[in-house]
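User: Please take a close look at one part of this model, starting from a pair of facing residues, and then follow the connections outward. I am in my first year, so a step-by-step account would be welcome.

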Amino acid sequence: MNNKDFYLQVLGLMDVGLVLINKNYEVQLWNGWMEKLSGFEADEVIGHSIFDVFPEVSGSRIDKSINKALKHNCPSILSSKLTRINFPLFISSFRSNEKKRIEQSILIKPMDLSDNSRCAVISISDISSSKLREKALREQTTILNKVINQLKEKDRHFNAIFENNQQGILIFDGDGSVINSNPAAEVMLGYNNRRLKSLKIPALIDELPQYLFKKGNEDKLQSKLPLCNTSIEMAMLPESGKKFPVELNANVIPFDNAQNKYFVFFHDITEKKQTEIILYKMARNDSLTGLPNRSSFIEELDKTIQHYKRRNNILSLFFLDLDRFKYVNDRFGHDVGNHLLIEVAKRLKQCVRSTDTVARLSGDEFAILLHEQEKIEQAGMIAKNIILSISKPFLLDGAKIDIAASIGISCFPMDGEDAAVLLRNADLAMYQSKKEGEGRYTFYTEEINHLLQQRLKMETELNIALRDGEFVIHYQPQYDICSGKIWGAEALLRWQHPQKGLIFPNEFIPIAEECGVINTILDWVLENALVDAKTLLNNFGAEFKISINLSPRQFADTGLPQKIEKILKKENISPESLILDITEGHLLAEKDHIFALLNNLRSMGVHIAIDDFGSGYSSLSTLRKLPIDHLKIDKEFLTTDADPTKQKNLLSSIINLAHSLELTVIAEGVENKDQYDLLIQQHCDITQGFYTNQAVAIKEFCNLSASNNQSS
Amino acid sequence: MGQIMNQSENTDISLDFLAESLNLGLGHVIDELSEISESRIELHVPEINLIPKTEALGFTKELRAESKAIFVKQQFAGDIEGEALLFFSEDESLKLLNGLLPDSDATLTNFADVEEEMLLDITNVAVTGVIYALSSILELSIATELPKCEYGRFDEIEGQSNLFDDAEEMILFITISFTLVSKDAKAVLLFFQHKNSFSKLHKSILQKLKLQ
Amino acid sequence: MKRVVIADDSVSARLLLKQMILECLPDIPILEFKSGEAVTKNLAEIKDCWFLLDMNMAPLNGLDTIKLLLDEDIPPHHIAMVTANKSKELKNKLKTLDILCINKAIEPHESEQCVAKLDDFFKLSK
């Protein structure tokens, strides 16, 4: 049986009408379905114009769509509802002998042939019942595409397609008996056509065992076959016994109602698999440095551990992170950064034995696996060497670059018995090294673990604190120096720990930042301070100001202005009553973004204060450009160990400058009368600090008399 | 007209050219649509813009607010490669399809297979019309695939399709409104080209206009 | 020397049309307008021109512009509409006004037809 007949047989079995039309509108292909429903045999129509076969279609939408495919290279979908005239195709009704014209969904696709002529492929499905309709849309496109692809496969010469095809094809029925095959399948499997027909599928395809072909297992069989225009990998069993991998896709041919038949297309992917192995190797290595990557390193570590468990060997694991790598990237660009990583990889390899493994985990993180060590101390020696080697300048692209390495070391079996634990512990030890400064190495110890445990405990406690309302806000009164009256208050977050008592933010904020609850806490402060503000405004008058510290974390929150606006509205507080404090250092970083945010807030009416002024390095000229209303002097300027005259002059010039920019000046951390008097003398506007009043809870604050100033 | 124009003028003229081609292409489409719908449907192209990918994604966010969306995808390949996407909310598409059905047919209340087929049909007519006009005017060879329809909650659809992954930074954004005899229905057609295709398209346009 | 007035809101449509006009009359001066209103506003200076107008433009579409031009006694054979619009309705209206309608080209062979039609228009209305 040649391929052409074979194709016709497949097409004949399809539950879809297929017609191929050449540029002269002559029918080239007419499948069994068409024969059955049109009443015309293929021999009667092939070579004749489609419009001679179906005169009523001439001039209709179908005509125009065929024309569009042939002339404009455009495909068409003709939906039944929008197609007035369809093909005269009929089925006989079960009840009577009456013939009924079917409702049709028609697809028309152009197909270019190698001799530059174009033809149109028409597929028609019967959608007379809604179930059929559903099926048609899902399957018709698939089948049509597949047929076109099959027709185009290998050689684009129309006739040649049928003669030689790379794809092997097998048709079989529900019990697994092979009904037919094509020459490609015969060559691939090493059986002739007659022999194949005597075999069953389980003897040919490894993944389709006998039980799938038992009666009643049809569902199981279909679930194993890739029916939905997908292909899967399976292994074929040729006569030679040498299994080979194929990519295979399959179709069900609904045939004589219940008796489904199947056909599979497959092609040999032995070569492709070999390419995959190469790709796999590539996937295991970091493309920049050529070192193993994280996943292959962990694999190797696992393997080594399994091996060593039996032999009682020890090994050390280094977790290495470069110090200042980010700076190099920012300062010299990514090309230099990449170049640096390559050079680092080289130096690392020079520091260890050729049997040890150096890997790049990610970014500037490396890991080293030291095999079979006699003494742990050796690991320390090697770590020292590495740190020394990395600390020598790198000369790259004309730049001299100084970096350092921080290393954490964990050992098997002492510090963990599997790869994940060892890697985590080495990471923790590295973290400890970083904390102590750059260019250090640390062995993982229980103590480090203990620190970690403490941190974990605090994380849990923070979450409990949020849940149980252990956070409180204290308010530090701010006094107007001229009148001596309370001017406003700064909201300060405190943690009322059930066992440890009052905890200040510097003890828990860094951990809250690391474990991700910081935003919830900050939102909590914002909301609650503004609720309290309402009370304070009622007690101290509409001019009262409430100051809340803004964390850099909140800068990233683009919804911040809306959030604040919402709370202000809800509490019915005028925006002018709110001052947001921003530390000078934070204000100067990422200027553009923060300026936009602050301007946005100010346009709402909210005031902005620059906090800790003098601690950062903003030049006086930039002060003019900052989007601020108030200036809070860093308390360092009030410390008495400075030269008194110098201190006085400095204060005086800051205050004068601020006043000339129409900024209110607030002095914080005022601890004694000398400082207070100095501030009066220099015309500072507002003070706050231990000398005037410490931060207190809201209730106590309300009990302060409006003019309760110790100095007055 | 041989003088060198700056980038934005060039882009403007490309857009103007595309808008003009679209009008020409849709001339055919309008004929065909009015024929198949027995003059129940008209088509307008009020807007054509080149917008950044991020903005196009922002637009899809709006669709998320709608309950369910229908989204028809059609690929084209050849001298220019890319994808056309047509979005309807479920309401809009039902309005459109109800308007198209002969009066005798019952009103559609939910989106099912017939409707999917009709929507594919209409989209295909619109997209192939536009692509055909563009390829003929610029003498490019572009083949259009058959459209596919996806339907469901927008997030689900979008989650699966990695929308715009292969797209260029700028996306051709066309708002099409279908006017029915009785009601309005609006759909948005997005054309996006695969990376590097827009510059190619741009070059062909400038050549056609003899500006390059 | 006679001049040609073209009105179309699309720059590229004008560029393409100009190319075609210059194929028929290589040295003819061409005046470009973006809308029908722009044409009518300058009518005093351009009365003795050929007019090639697009249908879809605003303010004042092609058809309304043509009516105003006819009111100003511009002879109908000096006016043609160049449009993508192929509707029978528009064609009939133009027919009653005795105005030539030229379809914008999509395919290369259509642009040849378009040039041929333009050439006829210029020759017949000389």
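Analyst: In this predicted model, Thr357(A) stands opposite Leu369(A), a residue of strand E15(A). The two strands concerned are E14(A) and E15(A), the latter covering residues 365-373, and they pair in the antiparallel sense over five bridges.

This pair belongs to an open sheet of five strands in chain A, ordered E14-E15-E13-E18-E19, in which the pairing is mixed. The edges of the sheet are formed by strand E14 (357-362) and strand E19 (441-443), each of which pairs on one side only. Neighbouring strands of the sheet are turned against each other by 20 degrees on average, when direction is ignored. In a regular strand, side chains alternate between the two faces of the sheet.

Within the order of this sheet, strand E13 of chain A stands between E15 and E18. One of its residues takes part in a salt bridge: the side chains of Asp323(A) and Lys434(A) meet at 3.0 Å, from N to O. Asp323(A) lies in strand E13 (residues 314-323) and Lys434(A) in helix H16 (residues 419-435) of chain A, so the pair ties together parts that are 111 residues apart in sequence. The two partners may be compared by their exposure. Asp323(A) has a relative accessible area of 6% and is therefore buried, whereas Lys434(A), at 33%, counts as partly exposed. Side chains of opposite charge can pair when their charged atoms come close. Over all chains, the structure holds 28 salt bridges.

Further along chain A there is another group of paired strands. Its central topic here is strand E21 (residues 486-497), of whose 12 residues 11 are buried, so the strand is largely enclosed by the rest of the structure. E21(A) pairs with strand E20 (residues 471-480) of chain A in the antiparallel sense, over nine bridges. Here Ile473(A) stands opposite Leu493(A) in E21(A). The hairpin of E20(A) and E21(A) has five residues between the strands, and Gly484(A) takes a positive phi near 75 degrees there.

E21(A) also pairs with strand E23 (residues 545-549) of chain A, in the parallel sense and over four bridges. In E23(A), Ser547(A) is the bridge partner of Glu490(A). In addition, three bridges join E21(A) to strand E22 (residues 501-503), with the two strands running antiparallel. His497(A) stands opposite Gly501(A) in E22(A), and a hairpin of three residues joins E21(A) to E22(A).

Chain C offers a second open sheet of five strands, in the order E2-E1-E3-E4-E5, and its pairing is parallel. Strand E2 (30-33) and strand E5 are its edge strands, each pairing on one side only. From one strand to the next, the twist averages 25 degrees. Strand E1 (residues 3-7) is joined to E3(C) by five bridges, and the two run parallel. Phe51(C) in E3(C) is the bridge partner of Val5(C).

Helix H1 of chain C lies across E1, E2, E3 and strand E4 (79-83), running at about 160 degrees to E2(C). Lys18(C) is a residue of this helix, which spans residues 11-24. With a relative accessible area of 17%, Lys18(C) is buried. Leaving aside residues up to four places away in sequence, Lys18(C) touches Ile6(C), Ile30(C) and Glu32(C). Its side chain makes a polar contact of 2.5 Å with that of Glu32(C).

Salt bridges occur around this sheet as well. The side chains of Asp54(C) and Lys104(C) meet in one, at 3.5 Å from N to O. The pair links distant parts of the chain, 50 residues apart: Asp54(C) is in the loop between strand E3 (49-53) and helix H3 (62-71), and Lys104(C) is in the loop between strand E5 (100-103) and helix H5 (108-124). Both residues are buried. Glu20(B), Asp8(C), Asp54(C) and Lys104(C) are linked in a network of salt bridges.

A final salt bridge lies within one helix. Lys123(C) pairs with Asp119(C), with the closest N and O atoms 2.9 Å apart. Both residues belong to helix H5 of chain C and are four residues apart, about one turn of the helix. Lys123(C) is exposed, at 55% relative accessible area, and Asp119(C) is partly exposed, at 22%.

Methods: Residues are numbered from 1 along each chain as its sequence is written. Chains are lettered from A and ligands numbered from 1 in the order in which they are written. This is a predicted model: local features need pLDDT of at least 70, side-chain atom pairs count only at pLDDT 80 or more; totals for chains, interfaces and linings use all residues. Side-chain values use heavy atoms; hydrogens and water are left out. A salt bridge is a side-chain nitrogen of Lys or Arg within 4 Å of a carboxyl oxygen of Asp or Glu. Buried means under 20% relative accessible area, exposed over 50%, partly exposed in between (1.4 Å probe, protein chains only). A polar contact is a pair of N or O atoms within 3.5 Å; within protein, one must be able to donate a hydrogen and the other to accept it, and residues adjacent in sequence count only if both atoms are side-chain atoms. Contact means heavy atoms within 4.5 Å. Two strands pair if DSSP finds at least two bridges between them. Axes are lines fitted to C-alpha atoms, for helices over the stretch in contact, and angles run from 0 to 180 degrees between N-to-C directions.
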